[in-house]
Amino acid sequence: MMQHVILSGCSGGGKSTLLNELACRGFETVPEPGRRIIDLEREGDGSALPWVNMEAFARRALEMAARDKLQVKHESEWQFFDRSLIDAAVALESATGEAVENTLAPFPRYYAKVFMTPPWFEIYSMDIDRVHGFEEALGEFDRLVAAYNRLSYKVIHLPKTDVQSRADFVLRLLR
């Protein structure tokens with residue numbers, strides 16, 4: 001049975017690093033929509049950058065995450081997503097007030113366990129694409145955990161450890 005597993009959580013908490021480790025171990029992975037949208041927006045007019053128009057950014061992230069979910073090749077038992085439709089719906093709810101439950105109604109669910117990267121100040125860093133500070137990242141994390149809980153996902157907080165141990169932890173809990 002094919003399973004779509006979400007890696008979500010605090011910005012700068014190590015999701016992409018974990019995703020890369022899982023890819024190296026032979027699992028199918030899907031990169032974060034947000035970073036891809038930012039790259040595309042920098043090539044275009046920039047109107048859907050999150051720091052310019054969060055609503056436009058969140059709507060683009062929903063579209064991209066929906067396509068990602070449909071286009072997964074199913075070459076491995078587990079497919080890992082760096083963020084998801086749910087993360088995009090949470091961003092949209094924060095920007096517009098549109099309820100996450102309403103936004104997600106037409107979409108199928110992901111695997112029941114969601115792995116959350118906790119706030120980890122020691123590894124957090126801003127960059128050209130992550131222009132918000134740690135305090136904003138904490139607010140985002142709280143909104144995500146609340147939404148996943150409201151949607152009846154089992155939220156599992158990843159340990160603050162090296163990436164190989166994190167990957168082992170995830171795979172052990174999926175067995």
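**Strand 3 and its surroundings in the predicted model**

Leu 7 stands opposite Asp 82 in strand 3. This pairing belongs to a predicted model. Two further residues face strand 3 across its pairings. Val 5 lies opposite Phe 80, and Val 30 lies opposite Phe 81.

The protein chain folds into 7 helices and 5 strands. Read from the N terminus, its elements follow the order β-α-β-α-α-β-α-α-β-α-β-α. The protein chain has 175 residues, and buried residues make up 50% of them. Contacts between residues at least 6 apart in sequence were also examined. Of these, 74% join residues at least 24 apart.

The sheet is open and has 5 strands. Their order is 2-3-1-4-5, and the pairing is parallel. Strand 2 and strand 5 (154-157) stand at the edges. Each has a single partner strand, so one side of each is left without a neighbour in the sheet. Neighbouring strands are turned by 25 degrees against each other on average, with direction ignored.

Strand 3 (residues 78-82) sits between strand 2 and strand 1 in the sheet order 2-3-1-4-5. Strands of a sheet pair through backbone hydrogen bonds, either parallel or antiparallel. With strand 1 (residues 3-9), strand 3 pairs in the parallel sense over 5 bridges. With strand 2 (residues 28-30), the pairing of strand 3 is again parallel, over 3 bridges. The Leu 7–Asp 82 and Val 5–Phe 80 positions were noted above.

In a regular strand the side chains alternate between the two faces of the sheet. In strand 3, Trp 78, Phe 80 and Asp 82 point one way. Gln 79 and Phe 81 point the other way. All of these residues are buried. With 5 of its 5 residues buried, strand 3 is therefore largely enclosed by the rest of the structure.

The chain continues from strand 3 into a loop that leads to helix 4 (85-96). Arg 83 is found in this loop. Its relative accessible area is 9%, so Arg 83 is buried. The side chain of Arg 83 takes part in two polar interactions, described next. One reaches the backbone oxygen of Gly 9 at 3.3 Å. Another is a polar contact with the side chain of Glu 140, at 3.2 Å. Neighbours within four places in sequence are left aside in the contact lists that follow. Arg 83 is in contact with Ile 6, Leu 7, Ser 8, Gly 9, Cys 10 and Ser 11, among others. Its contacts also include Lys 15, Glu 32, Pro 33, Glu 140 and Leu 144.

Ser 84 lies in the same loop, between strand 3 and helix 4. At 3% relative accessibility, Ser 84 counts as buried. A polar contact of 2.8 Å joins its side chain to that of Tyr 148. Beyond its sequence neighbours within four places, Ser 84 is in contact with Ile 6, Ala 65, Tyr 110 and Tyr 148. Ile 6 thus appears in the contact lists of both Arg 83 and Ser 84.

Pro 33 is placed in helix 2 (residues 33-43). It is buried, with a relative accessible area of 5%. Pro 33 and Ser 84 are 51 residues apart in sequence. In space, their C-alpha atoms are 7.9 Å apart. Apart from neighbours within four places in sequence, Pro 33 is in contact with Ala 61, Met 64, Ala 65 and Asp 68, among others. Asp 82 and Arg 83 are also among the contacts of Pro 33. Ala 65 is listed for Pro 33 and for Ser 84.

A helix pair was examined as well. Two packed helices are described by the angle between their axes and the distance between the axes. Helix 1 (residues 15-24) and helix 7 (residues 163-174) pack at an angle of about 70 degrees, with their axes 9 Å apart. Angles of 65 to 115 degrees count as roughly perpendicular. Helix 1 and helix 7 are therefore roughly perpendicular to each other. Helix 1 contributes Thr 17, Leu 18, Glu 21 and Leu 22 to the contact. Helix 7 contributes Val 163, Gln 164, Arg 166, Ala 167, Val 170 and Leu 171. The residues of this contact divide into 6 nonpolar, 2 polar and 2 charged.

Technical notes
Residues numbered from 1 in each chain as written. Predicted model: local features only at pLDDT ≥ 70, side-chain atom pairs only at ≥ 80, totals over all residues. Heavy atoms only, no water. Axes fitted to C-alpha atoms, helices over the stretch in contact; angles between N-to-C directions. Helix = DSSP H or I, 4+ residues; strand = E, 2+ residues; numbered from the N terminus. Parallel < 35°, antiparallel > 145°, perpendicular 65-115°, else oblique. Contact = heavy atoms within 4.5 Å. Nonpolar A, V, L, I, M, F, W, Y, C, P; charged D, E, K, R; others polar. Buried < 20%, exposed > 50% of the residue type's maximum accessible area, 1.4 Å probe, protein only. Pairing = 2+ DSSP bridges. Polar contact = N/O pair within 3.5 Å; in protein donor to acceptor, adjacent residues only side chain to side chain.
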